[in-house]
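Visitor: Could you take me through one part of this model in close detail? I would like to see how a single helix sits among its surroundings.

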Amino acid sequence: MNLAKIELENFRSYRQNEFDFNPQGCLIIGPNGCGKTNLLEAIAYCSIGKSIRFHHDEELLNFGGQFFRVQSLFISDQQTPKKVSLSYADQHKLLKIDELPIRQLSSLFEVVKVIYCAPEDHLLISGSPRFRRQYFDLAISQLYPPYINVLRHFLHIVQQRNAMLKRNYSRAEITSWNLSFASSLAEVWNYRNRYLKQVNTAFQETFKDIFPASTAISLAYIPSLKLPLESSPEEIIKHLATIEEREKLLQRSLVGAHLDDYEFKLKGRKMLTYASQGQKRIAVIILKLIQARLIEKVTGIKPIMLFDDIFAELDTFHSQQIRNCINNRYQVFIASPKEDLCNIWQGYQIQKLEGMDK
Ligand SMILES: Nc1ncnc2c1ncn2[C@@H]1O[C@H](COP(=O)(O)OP(=O)(O)OP(=O)(O)O)[C@@H](O)[C@H]1O
């Protein structure tokens, strides 16, 4: 689905504004601080129901505003148009799809998918494991919507198991919680493993002609529980028994999907340690393009791509290759303070924000 229109009320720096877009997307050009990123954030908000930049809803309110509303119209050739409205007031959020209130934000994933690329994406390689987990959890749930509930269930079990480890517990209790923990962890691993395999195949094959560096990149999974991702619940339970004393001492679960990590490699070596800044940047952009292709392949939905000022740091070859890769395949919104970007994206609609009434 493509975004045809967005209306903003009291969202970040926008008091009341609306924008119309064509199916190709557009370049959002304007000086620093004029609201380019805020507009991309609003587009993403309508697609995932929360801030793509990890802002709390309260922080999205225009300074002094009591509520905000973002309304979008999505259209596609094959389906009837969809109207998505998200509003927030008094710590309550309301999602409506075609005027009908919807309780589950994850319902949005079935309407539209969005991928956000920003300069800070290098944190996927050099940032915290938590940042990586958040990214991959969202990416996996865009591909397989049931994953969200599988993960939530696992995190709930960890919470309950931790509460048990903080007090005296019986053998029956730990046996029962270990069983739930192991079968739920095996389920989470199954999704993550499936995703990882597809990403690695794509690094090797899908982009080898467009980005020659792609075949040198791979993604590894670093489980906190030193077992292969294909392990059965029985194998996990056996391993839990070996760390029971330590878990009892430290009063919390010491292993699990909530502590696992991902590692980027270049020719088998850790990118974090050995890759240049440019190589890290390219690797994460290829990862996002892979994410787009996988979404398209598995769900049949073409994602909307948001590029927030990523081109300033790239050489001409890679900038041009990204354009070639998008080449009208996806609707794309590109924010930049520099107009010279228009050379690469010739023919795209230009939305100038300078001097607009915000
Ligand atoms: N909740 C808010 N209410 C009102 N204004 C806000 C709010 N949050 C941020 N702003 C304002 O939005 C502006 C920043 O917008 P944004 O990050 O979208 O700019 P930008 O055009 O992407 O800038 P740059 O090119 O520097 O990245 C700042 O002037 C900031 O004060």
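Guide: Happily; here is a close look at helix α11, followed by its packing partner and a few other spots.

A word on the ground rules: this is a predicted model, in which local features need pLDDT of at least 70, side-chain atom pairs count only at pLDDT 80 or more, and totals for chains, interfaces and linings use all residues. Residues are numbered from 1 along each chain as its sequence is written.

Helix α11 spans residues 316-326; helices here are DSSP runs of H or I with at least four residues, strands are runs of E with at least two, and both are numbered from the N terminus. Within α11, His318, Gln321 and Ile322 are buried. A residue is called buried if 20 or more other C-beta atoms lie within 10 Å of its own, exposed if 12 or fewer, and partly exposed in between, with C-beta atoms placed from the backbone. Viewed down the axis of α11, its buried residues fall within an arc of 105 degrees, so they line one face of the helix; the arc is that of the directions from the helix axis to the C-beta atoms. The general background is that an α-helix has 3.6 residues a turn, so residues three or four places apart point the same way. Thr316 and Asn324, on the other side of α11, are exposed. Just after the helix, Asn327 takes a positive phi of about 25 degrees.

What do the buried residues of α11 pack against? Their partner is α10, residues 277-299. Glu296 belongs to that helix, α10, and is partly exposed, with 15 other C-beta atoms within 10 Å. Setting aside neighbours within four places in sequence, Glu296 is in contact with Ile301, Lys302 and Pro303, where contact means that the two C-beta atoms, placed from the backbone, lie within 7 Å. Glu296 and Leu143 are 153 residues apart along the chain, and their C-alpha atoms are separated by 8.8 Å.

For a contrast in exposure, turn to the loop between β3 (25-29) and α1 (36-48), where Gly33 is found. Gly35 has its place in the loop between β3 and α1 as well. Gly33 is exposed because it has 10 other C-beta atoms within 10 Å, whereas Gly35 counts as buried because it has 21 C-beta neighbours inside 10 Å. Both glycines are covered by the UniProt annotation "binding site", from an unreviewed entry; UniProt positions follow the numbering used here, feature names are shortened, and annotations may be inferred rather than shown by experiment.
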